[in-house]
Amino acid sequence: MIEDIRSIISDHARLPVDVGTLAIDADLYQAGMTSHASVNVMLALEDRFDIEFPDRMLKRSVFESIASIAEALRELQVSAAA
Amino acid sequence: MAARVGIDLVSVEAVRQSLSEHGEHYLRRVYSEREVRDCTTPSGADPERLAARFAAKEATLKVLRPADVGIPWFTIEVVRRPEGWVALELAGAAAELASQAGITELALSISHEGGFATAVVVATCASETRDQGR
């Protein structure tokens, strides 16, 4: 999952840094991700993992790092499996 | 009486790319049906108008100061008045946050030029009840 997220960030977050060098808890906004780019990341994650982020997750903290995105995806996958 | 100001700048090219890569998915998750109608020309969705609306949504988030509350973008809506100017209408969590903050009025101005769109939002607050913004 982490590598899938990293790949999506690389393709859609428009970061001026090499995503492969980012720690999983690195702040993506601090790394240069704009609010609009975070939308692209969200849309690509929804397509890749066949999920839809609920309204309560549409906040900065969910998309601020690879780790926070992974945590949200795991929660959604557990909910979908229940 | 207090005031809050938010400003944002969006690349029109970034919106054009989102339309190209995500199409309807992008429009449905970010804009209201009315906004999509207002931004549709005979040749399709206009990235300049959409970029101005996205900037307005982000500028509004800056005055709402949501901290850790989820706010869907489409609950912050730019509406075009018959007289020609634009205004903001909030729904759901965005409206709730504005109410909690004591915001009694929102004023919006948008513009686009040279590949960028910008928006400025001024909020008038009856009282400053929250101070958790960035």
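# Notebook: second pocket, rings, cysteines, backbone

I sorted the lining of the second largest pocket by residue class and got seven nonpolar, five polar and four charged residues. The model I am working from is predicted.

**Pocket**

I looked up the size first. The volume of the second largest pocket comes to about 220 Å³. I then listed the lining, which has 16 residues. Nearest the centre of this pocket I find A:Thr34, A:Ser35 and A:His36 from chain A, with B:Leu9 and B:Val10 from chain B. Next I asked which elements give two or more residues to this lining. In chain A that is helix H2 (35-49), and in chain B strand E1 (2-11) and helix H3 (47-64). E1(B) gives the largest share, four residues. My note on the principle behind the search: a probe the size of a water molecule, rolled over the atoms, shows where empty space is left.

**Helix H3 of chain B**

Since H3 of chain B came up in the lining, I looked up two of its residues. B:Phe54 sits in helix H3 and is buried, because its relative accessibility is 0%. I checked B:Phe54 against B:Asp8: the two are 46 residues apart along the chain, and their C-alpha atoms are separated by 8.7 Å. B:Val63 is also placed in H3 of chain B. I count B:Val63 as buried too, since its relative accessible area is 0%. Between B:Val63 and B:Gly6 the C-alpha separation is 5.4 Å, with their positions 57 residues apart along the chain.

**Rings**

How many aromatic pairs are there over all chains? I searched the whole structure and found three. I wrote down one of them, B:Tyr26 with B:Tyr31. The ring centres of these two tyrosines are 5.5 Å apart and the planes meet at 75°; planes over 60 degrees apart count as edge-to-face, so I entered the pair as edge-to-face. Are the two tyrosines buried or exposed? B:Tyr26 has 0% relative accessibility and therefore counts as buried. B:Tyr31, at 3%, counts as buried as well.

I also looked for charges over rings. In chain A, A:Arg48 lies over the face of A:Phe49, 5.0 Å from the ring centre. A:Arg60 lies over the face of A:Tyr29, and there the distance to the ring centre is 4.0 Å.

**Cysteines**

A disulfide is a covalent bond between the sulfur atoms of two cysteines. I searched the whole structure for disulfides and found zero over all chains. I then checked the accessibility of two cysteines in chain B. B:Cys39 is at 0% relative accessibility, so I list it as buried. B:Cys125 is likewise at 0% and counts as buried.

**Backbone**

Most residues other than glycine have a negative phi, so I noted two arginines that depart from this. A:Arg14 is not a glycine, yet its phi is positive, about 55°. Where does A:Arg14 lie? I place it in the loop between helix H1 (2-12) and H2 of chain A. Its relative accessible area is 42%, and the range between 20% and 50% counts as partly exposed, so A:Arg14 is partly exposed.

The second entry is B:Arg65. B:Arg65 also has a positive phi of about 55° without being a glycine. Its place is the loop between H3 and strand E4 (76-80) of chain B.

Methods: Residues numbered from 1 in each chain as written. Chains lettered and ligands numbered in written order. Predicted model: local features only at pLDDT ≥ 70, side-chain atom pairs only at ≥ 80, totals over all residues. Heavy atoms only, no water. 1 Å grid on protein atoms, 1.4 Å probe; cavity = no way out; pocket = protein on both sides within 12 Å on 5 of 7 lines; lining within 4 Å. Points joined across faces, edges and corners; volume = space filled by probe spheres on them. Nonpolar A, V, L, I, M, F, W, Y, C, P; charged D, E, K, R; others polar. Phe/Tyr/Trp six-rings, centres within 6.5 Å; stacked < 30°, edge-to-face > 60°. Buried < 20%, exposed > 50% of the residue type's maximum accessible area, 1.4 Å probe, protein only. Lys NZ or Arg CZ within 6 Å of the ring centre and 35° of its normal. Disulfide = S-S within 2.5 Å.
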